[in-house]
Amino acid sequence: MTASQPYVMMAINNAWANETLYAALTGLTKADFTAHRPGFFPSLCATMNHILLVDRYYIGALEGQGRPYQEIAGPEITDPFALAAAQQIEDARLIAFCRRLDAGILDETRTTPRKDGVLEENVAALLLHLFQHQVHHRGQAHVQLQDAGKPPPQLDDFHLEFGRVESARAWLER
């Protein structure tokens with residue numbers, strides 16, 4: 001196994017999980033998508049926008065283009081199809097970045113502008129944090145989707161042969 005392989009697999013898993021979750025959002029009205037739901041963020045819309053914006057923040061930093069979060073944040077995207085399209089772009093950026101990784105890059109640091117100043121963070125740690133962040137908030141979106149009356153999709157049948165869903169297999173063959 002190469003140094004980059006676990007990160008590439010997590011980036012592909014992330015893209016598949018986002019695509020799967022967005023597919024489950026189809027059929028929701030704008031009112032359902034933006035309605036108040038339980039969770040850290042007050043709606044599915046806000047949760048999914050947060051995932052996108054944090055992805056942009058960290059992927060930009062990983063690519064050496066770190067910008068303050070406030071500069072990345074724009075108007076909330078309330079159309080789930082437009083939001084899914086924007087997320088696909090970030091997912092592709094993350095996969096491409098991870099495919100370029102080697103042990104040297106994983107040991108490097110990147111600039112992360114914060115409210116209180118600029119911090120240098122290790123690339124491997126940034127990636128692990130980003131993957132954890134995505135899983136954490138998709139879990140919240142899962143609950144919010146169920147609260148909206150839609151069955152949430154299975155998002156953990158990706159890495160193992162046992163139980164791997166066909167849509168995950170297709171992502172792995174890309």
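**Note on pockets, cores and salt bridges**

1. In this predicted model, the second largest pocket holds about 190 Å³ of space. Its lining is made up of Asn13, Ala17, Val135, Arg138, Gly139, His142, Leu155, Asp156, Phe158 and His159, and the elements that contribute two or more residues to that lining are helix H1 (5-25) and H7. Of the elements involved, H7 gives the most, with 4 residues, and by class the lining residues divide into 4 nonpolar, 4 polar and 2 charged.

2. The largest pocket has a volume of about 240 Å³, and the residues that line it are Val54, Tyr57, Tyr58, Pro68, Tyr69, Gln70, Pro113, Arg114, Lys115, His129 and His133. Two or more of these residues come from each of helix H3 (44-62), helix H4 (69-72), strand E1 (109-114) and helix H7 (123-147), with H3 giving the most, namely 3 residues. The class make-up of this lining is 6 nonpolar, 3 polar and 2 charged residues.

3. Turning to the interior, the largest nonpolar core has 31 residues, of which Tyr7, Leu94, Phe97, Cys98, Leu101, Val123 and Leu127 touch the most other members. At least two residues of this core are supplied by each of H1, H3, helix H5 (80-99), helix H6 (103-107), H7 and helix H8 (166-172), and the largest share, 7 residues, comes from H1. Val123 may serve as an example for inspection: when its neighbours within four places in sequence are left aside, Val123 is in contact with Leu62, Phe97, Leu101, Ile105, Leu106, Glu108, Thr109 and Arg110. Apart from the largest core lies another core, of 17 residues, which includes Leu21, Phe33, Cys45 and Ala148.

4. As for charged pairs, a search of the whole structure finds 9 salt bridges. One of them joins Asp147 to Arg37, with the closest N and O atoms 3.1 Å apart; because Asp147 lies in helix H7 and Arg37 in the loop between helix H2 (30-34) and H3, this pair ties together parts that are 110 residues apart in sequence. What is the relative accessibility of Asp147, and is Arg37 buried or exposed? Asp147, at 41% relative accessibility, counts as partly exposed, whereas Arg37 is buried, its relative accessible area being 8%.

5. A salt bridge is also formed between Arg93 and Glu63, whose closest N and O atoms are 2.4 Å apart. This pair, too, links distant parts of the chain, with Arg93 in helix H5 and Glu63 in the loop between H3 and H4, 30 residues apart. Both partners count as partly exposed, Arg93 at 25% relative accessibility and Glu63 with a relative accessible area of 30%. The pair should be read together with its surroundings, since Arg56, Glu63, Glu90 and Arg93 are linked in a network of salt bridges.

6. A further salt bridge brings together the side chains of Glu161 and Arg164, with an N to O distance of 2.8 Å. Glu161 is classed as exposed, at 56% relative accessibility, while Arg164, at 13%, is classed as buried; the cut-offs behind these labels are over 50% for exposed and under 20% for buried.

How values were computed. Residues are numbered from 1 along each chain as its sequence is written. This is a predicted model: local features need pLDDT of at least 70, side-chain atom pairs count only at pLDDT 80 or more; totals for chains, interfaces and linings use all residues. Side-chain values use heavy atoms; hydrogens and water are left out. On a 1 Å grid over the protein atoms alone, a cavity is a set of points where a 1.4 Å probe fits but cannot get out, and a pocket is an open set with protein on both sides within 12 Å along at least five of seven lines; lining residues have an atom within 4 Å of a point. Grid points are joined across faces, edges and corners, and a volume is the space filled by probe spheres set on the points. Ala, Val, Leu, Ile, Met, Phe, Trp, Tyr, Cys and Pro count as nonpolar, Asp, Glu, Lys and Arg as charged, and the others, Gly among them, as polar. A nonpolar core is a set of buried Ala, Val, Leu, Ile, Met, Phe, Trp, Tyr and Cys residues joined through side-chain atoms within 4.5 Å. Buried means under 20% relative accessible area, exposed over 50%, partly exposed in between (1.4 Å probe, protein chains only). Contact means heavy atoms within 4.5 Å. A salt bridge is a side-chain nitrogen of Lys or Arg within 4 Å of a carboxyl oxygen of Asp or Glu.
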